[in-house]
Amino acid sequence: SGVHRGERVSRLLVMTDDGAERFYRRVEALLRRRGARLLALRLDVDAEKLGALLFGSGHRARLLMLDHKEAVSAFLLALAGPST
C-alpha cells in the first residue's frame with residue numbers, strides 16, 4: 001500500500017458530546033498512549049441518540065471502539081456519505 005508501518009489508523013473511538021470532562025481526559029490519555037494507530041471522533045450527539053442508533057431505543061452509548069480495519073473504514077466511509 002506504500003504506507004509506512006504505524007501511519008495507518010486501525011482503531012477508531014467514536015464518542016458522544018455529553019460526557020464529563022474527566023471522561024474526555026481519560027480518552028485523551030488513551031490517545032497519547034496508543035499513538036498514531038488510534039483515531040477519535042467526538043460526535044455532536046448525546047449518549048441516548050448514539051445508543052438508539054447502535055442498539056435500539058432505550059439504550060445509551062457514550063463510547064464505541066472499532067478495532068477491525070474493515071469496520072473502521074466502513075464507519076468513516078458511512079460518515080462521508082454516498083460517493084458521487
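**Exercise 1. Work out which residues Asp 17 touches once its neighbours within four places in sequence are set aside.**

Keep in mind that we're working with a predicted model here.

Step 1. Start with location: Asp 17 sits in the loop between strand 1 and helix 1.

Step 2. Skip the neighbours within four places, and the contacts of Asp 17 are Tyr 24, Arg 42, Leu 43, Asp 44 and Val 45.

Step 3. Now pick Arg 42 out of that list. The C-alpha atoms of Asp 17 and Arg 42 are 6.1 Å apart, though 25 residues separate the two along the chain.

Step 4. Check the side chains. Asp 17 and Arg 42 form a salt bridge, with an N to O distance of 2.7 Å. That pair ties together distant parts of the chain, since Asp 17 is in the loop between strand 1 (11-15) and helix 1 while Arg 42 belongs to strand 2.

Step 5. Finish with accessibility. Asp 17 has a relative accessible area of 38%, so it is partly exposed. Arg 42 comes in at 45%, so it is partly exposed too.

**Exercise 2. Go through other salt bridges in the structure, and say where the partners sit.**

Step 1. Get the total: the structure holds 4 salt bridges. The general idea is that side chains of opposite charge can pair when their charged atoms come close.

Step 2. Take Asp 18 and Arg 62, whose side chains meet in a salt bridge at 3.4 Å, N to O. This pair also links distant parts of the chain: Asp 18 is in the loop between strand 1 and helix 1, and Arg 62 is in the loop between helix 2 (47-55) and strand 3 (63-66), 44 residues apart.

Step 3. Look at how covered these two are. Asp 18 has 31% relative accessibility, which means it counts as partly exposed. Arg 62, at 27%, counts as partly exposed as well.

Step 4. Move to Arg 32 and Glu 28, a salt bridge whose closest N and O atoms are 2.4 Å apart. Both residues are in helix 1, and because they are 4 residues apart there, about one helical turn separates them.

Step 5. Compare their labels. Arg 32 reaches 66% relative accessibility and so counts as exposed, while Glu 28, at 39%, is partly exposed.

**Exercise 3. Find the charged and nonpolar patches on the surface, and the elements that feed them.**

Step 1. Positive charge first: Arg 11, Arg 22, Arg 25, Arg 26, Arg 33 and Arg 34 gather in a positive patch on the surface.

Step 2. Ask which element gives the most to the positive patch. That's helix 1 (residues 21-34), with 5 residues. One of the patch residues, Arg 25, has its place in helix 1.

Step 3. Now the nonpolar side. Val 9, Leu 39, Leu 76 and Leu 79 make a nonpolar surface patch of about 280 Å².

Step 4. Zoom in on Leu 79, which is in helix 3 (residues 69-80). Its relative accessible area is 48%. Patch members need over 30%, so Leu 79 clears that bar.

**Exercise 4. Follow two residue pairs through space, starting from Arg 37 and Lys 49.**

Step 1. Place Arg 37: it's in the loop between helix 1 and strand 2 (38-42). With a relative accessible area of 22%, Arg 37 is partly exposed. The cut-off for buried is under 20%, so Arg 37 doesn't make it into that class.

Step 2. Pair Arg 37 with Val 9. They're 28 residues apart along the chain, and 4.3 Å separates their C-alpha atoms.

Step 3. Place Lys 49: it lies in helix 2, and at 48% relative accessibility it counts as partly exposed.

Step 4. Pair Lys 49 with His 59. They're 10 residues apart in sequence and 8.5 Å apart in space, C-alpha to C-alpha.

**Exercise 5. Describe the protein chain as a whole, from its elements to its surface.**

Step 1. Count the elements: 3 helices and 3 strands. From the N terminus on, they run β-α-β-α-β-α.

Step 2. Turn to contacts. Among those between residues at least 6 apart in sequence, 72% join residues at least 24 apart.

Step 3. Check burial: 19% of the 84 residues count as buried.

Step 4. Close with the surface. The chain exposes about 6,300 Å², and carbon and sulfur atoms supply 53% of that area.

Notes. Residues numbered from 1 in each chain as written. Predicted model: local features only at pLDDT ≥ 70, side-chain atom pairs only at ≥ 80, totals over all residues. Heavy atoms only, no water. Patch = residues over 30% accessible without salt bridge, like charges linked within 9 Å, V, L, I, M, F, W, Y side chains within 5 Å. Areas by Shrake-Rupley, 256 points an atom, 1.4 Å probe, with all protein chains shown as cover. Lys, Arg positive; Asp, Glu negative; His and termini not counted. Charge placed at Lys NZ, Arg CZ, Asp CG, Glu CD. Helix = DSSP H or I, 4+ residues; strand = E, 2+ residues; numbered from the N terminus. Buried < 20%, exposed > 50% of the residue type's maximum accessible area, 1.4 Å probe, protein only. Contact = heavy atoms within 4.5 Å.
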